[in-house]
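Reader: I have a protein in front of me and I keep bumping into labels for its parts. Could you go through how such labels are earned?

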Amino acid sequence: MLARVRSAAVLGIDAYLVDVETDIASGLPTFVTVGLPQGAVKEGRDRVSAALANTGFTFPLKRITVNLAPADIRKEGSAFDLPIALGILAATEQVPGDRLAKIAVLGELGLEGAIRPVRGALPVALAARAAGVEALILPRENLPEAGVVDGLRVLGAGCLAEIAEFLEGKADLPGASVDVARLFAERAKDDVDFSEVKGQAHAKRALEVAAAGGHNILMVGAPGSGKTMLARRLPTVLPKMSLEEALETTKIHSVAGTLPLGESLVARRPFRAPHHTISDAGLIGGGSYPRPGEVSLAHGGVLFLDELPEFRKNVLEVLRQPMEDGVVTIARAAMSLSYPARFMLAAAMNPCPCGWFGDPHHTCACGALPVQRYLGRVSGPLLDRIDIHLEVPAVKYKALTGESGGEPSEAMRERVDRARVVQRARFVTRPGIYANAHMAPRDIRAHCRVSDGADALLKTAITRLGLSARAYHRILKIARTIADLDEAASLETKHVGEAIQYRSLDRRGVA
């Protein structure tokens with residue numbers, strides 16, 4: 001007997017449908033899975049046989065051949081357990097197979113017949129809807145995640161017996177009921193706020209400028225000056241995510257297995273802060289079957305690298321390509337996968353190994369050469385991709401004991417939103433550019449015209465501070481963002497003057 005059950009597999013952050021064909025023939029008892037199955041798929045035959053026996057079904061002692069089509073793409077993961085089990089039951093006529101032609105199923109089986117959650121439920125639901133599948137059956141824990149897909153009937157099951165009763169018409173499976181608009185509004189609320197930060201008005205202003213123009217930022221300051229606290233609140237002033245952005249970000253987290261069970265959407269800008277001991281594969285993504293790394297998990301949000309010089313040099317250097325292109329391509333012998341990686345980089349570092357260089361209240365124990373060597377751990381090409389270098393001083397006692405921390409994130413976000421609207425209109429004919437940070441040289445020439453006073457100030461900065469041509473272009477980009485926040489058409493002296501302050505490492509001669 002032959003039976004066919006539709007399922008799906010994830011490739012990158014998207015899914016494709018897979019036909020699970022099960023043939024049961026006379027002969028010596030064997031169980032063979034073909035169609036490039038990998039480790040977890042091959043091991044599924046033992047889980048399937050135990051689950052069928054422990055659920056009260058008969059496992060056929062015949063020659064069983066399972067084909068996963070298309071057969072030329074590698075299949076990975078445990079989600080094929082359930083469709084294989086249903087294929088065996090349909091082929092042996094223990095359950096009716098007529099309803100299986102209209103649905104897709106996926107899920108991992110426990111030995112007692114329970115159905116366990118799997119990765120990638122959201123991209124699978126999107127692929128099933130695009131293929132015209134009427135219904136999708138998946139583990140009950142994945143129901144909230146897949147239920148955000150409109151136009152597809154999504155059903156959840158807790159065990160194999162429940163699905164058998166559903167196919168026989170004896171019982172119904174619970175469906176997903178997700179109010180996406182209400183859920184999106186609830187999940188979009190932030191847990192932290194800039195009003196909680198005491199003092200640091202200069203740093204808050206710099207972060208607002210960075211958010212408005214999509215600029216990467218490096219904060220340099222002594223230990224305890226609040227660099228991490230400031231960085232964690234940067235996503236709260238970025239423009240709120242659209243539903244389309246939320247779905248794309250949720251797909252990445254679903255595939256990576258970082259989406260908590262019961263969660264439906266990633267509705268807030270991600271904030272990822274990997275430890276400095278992370279490997280290059282952990283940061284960029286990789287593995288024999290490539291998975292998304294931290295740069296992809298930060299897609300649409302902020303990647304925060306604390307103690308930047310402590311990261312290994314090879315780890316920092318692999319950041320250059322995704323920072324430039326907004327996408328990560330991982331090439332392996334068998335496949336090449338691309339993951340989105342459009343993020344804002346926020347980094348923090350001490351000014352020297354001991355952390356007290358330039359602090360008026362502490363003595364630096366480092367010599368000039370160790371300080372220079374410490375700062376030199378961050379390469380010029382990486383600093384070239386960081387527009388804003390911000391010095392973060394220690395918080396003064398008066399500001400620390402004050403009752404108010406300043407204006408809330410919502411007020412800052414409103415100004416950022418207005419500036420982003422101006423930029424989207426400016427770059428409407430330039431696909432791939434949505435913020436000033438992504439301007440090419442021709443865009444700078446077209447949109448960064450300076451007044452006479454601002455031109456004189458730039459000339460003085462280049463001459464006296466020894467700023468490079470690279471720093472010159474960065475200053476113009478930042479000044480353009482500051483002018484957008486002021487709703488000004490041209491770059492005035494005050495805009496350029498503030499932008500020059502945000503290139504502190506250039507003034508030290510590091511970059």
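Reader: Okay, where is glutamate 307 found?

Author: Glutamate 307 sits in the loop between strand 14 (302-305) and helix 12 (313-317). Just so you know, this is a predicted model.

Reader: Why is glutamate 307 called partly exposed?

Author: Its relative accessible area is 26%. Buried means under 20% and exposed means over 50%, so glutamate 307, at 26%, counts as partly exposed.

Reader: And what is the phi of glutamate 307?

Author: Phi of glutamate 307 is near 55°, a positive value in a residue other than glycine. Most residues other than glycine have a negative phi. Leucine 36 also has a positive phi, about 55°, although it is not a glycine.

Reader: Where is leucine 36 found, and what makes it partly exposed?

Author: Leucine 36 is in the loop between strand 3 (30-34) and helix 1 (39-55). Its relative accessibility is 40%. The partly exposed class runs between the 20% and 50% cut-offs, so leucine 36 belongs there.

Reader: How do you know that serine 296 is buried?

Author: The cut-off for buried is under 20%, and serine 296 has a relative accessible area of 0%, so the label fits. Serine 296 is part of helix 11 (residues 294-297). Leaving aside neighbours within four places in sequence, serine 296 is in contact with Ile252, Tyr339, Pro340 and Ala341.

Reader: What makes leucine 383 count as buried?

Author: Leucine 383 has 2% relative accessibility, and buried means under 20%, so leucine 383 is buried. You'll find leucine 383 in helix 15 (residues 380-383). Its C-alpha atom is separated by 9.6 Å from that of asparagine 216, although the two residues are 167 residues apart along the chain.

Reader: How much of the protein do buried residues make up?

Author: Buried residues make up 51% of the 511 residues.

Reader: Which residues of helix 6 are buried, and how do you know which side of helix 6 they are on?

Author: In helix 6 (residues 180-187), the buried residues are Val180, Leu183 and Phe184. They cover an arc of only 100° around the axis, so they lie on the same side of helix 6. These buried residues pack against helix 9 (243-256).

Reader: Why is strand 8 called mostly covered?

Author: Five of the five residues in strand 8 (residues 135-139) are buried.

Reader: How do you know that strand 8 pairs with strand 5 and with strand 9?

Author: Two strands pair if there are at least two bridges between them. Three bridges join strand 5 (residues 103-105) to strand 8, and five join strand 8 to strand 9 (residues 153-157), so each pairing passes that cut-off. Strands 5 and 8 run parallel, as do strands 8 and 9. Alanine 104 stands opposite leucine 136 in strand 8, while proline 139 has alanine 157 in strand 9 as its bridge partner.

Reader: What makes strand 11 and strand 18 edge strands?

Author: Five strands form an open sheet in the order 11-14-17-10-18, with parallel pairing. Strand 11 (271-272) and strand 18 (388-392) are the edge strands: each pairs on one side only. In that order you can also spot strands 17 and 10 side by side. Four bridges join strand 10 (residues 217-221) to strand 17 (residues 344-349), and leucine 218 stands opposite alanine 347 in strand 17.

Reader: What is the omega of the peptide bond from alanine 69 to proline 70?

Author: Omega is near 5°, and that bond is cis. Most peptide bonds are trans. Proline 70 lies in the loop between strand 4 (63-69) and helix 2 (81-91).

Reader: Last topic, pockets. What is the volume of the largest pocket, and which residues are closest to its centre?

Author: The largest pocket has a volume of about 840 Å³. Of the 38 residues that line it, Gly214, Arg342, Phe343, Tyr434 and His438 are the closest to its centre. Helix 9 gives the largest share of that lining, six residues. By class, the lining of the largest pocket has 13 nonpolar, ten polar and 15 charged residues.

Notes:
Residues numbered from 1 in each chain as written. Predicted model: local features only at pLDDT ≥ 70, side-chain atom pairs only at ≥ 80, totals over all residues. Heavy atoms only, no water. Helix = DSSP H or I, 4+ residues; strand = E, 2+ residues; numbered from the N terminus. Buried < 20%, exposed > 50% of the residue type's maximum accessible area, 1.4 Å probe, protein only. Contact = heavy atoms within 4.5 Å. Arc of directions from axis to C-beta. 1 Å grid on protein atoms, 1.4 Å probe; cavity = no way out; pocket = protein on both sides within 12 Å on 5 of 7 lines; lining within 4 Å. Points joined across faces, edges and corners; volume = space filled by probe spheres on them. Nonpolar A, V, L, I, M, F, W, Y, C, P; charged D, E, K, R; others polar.
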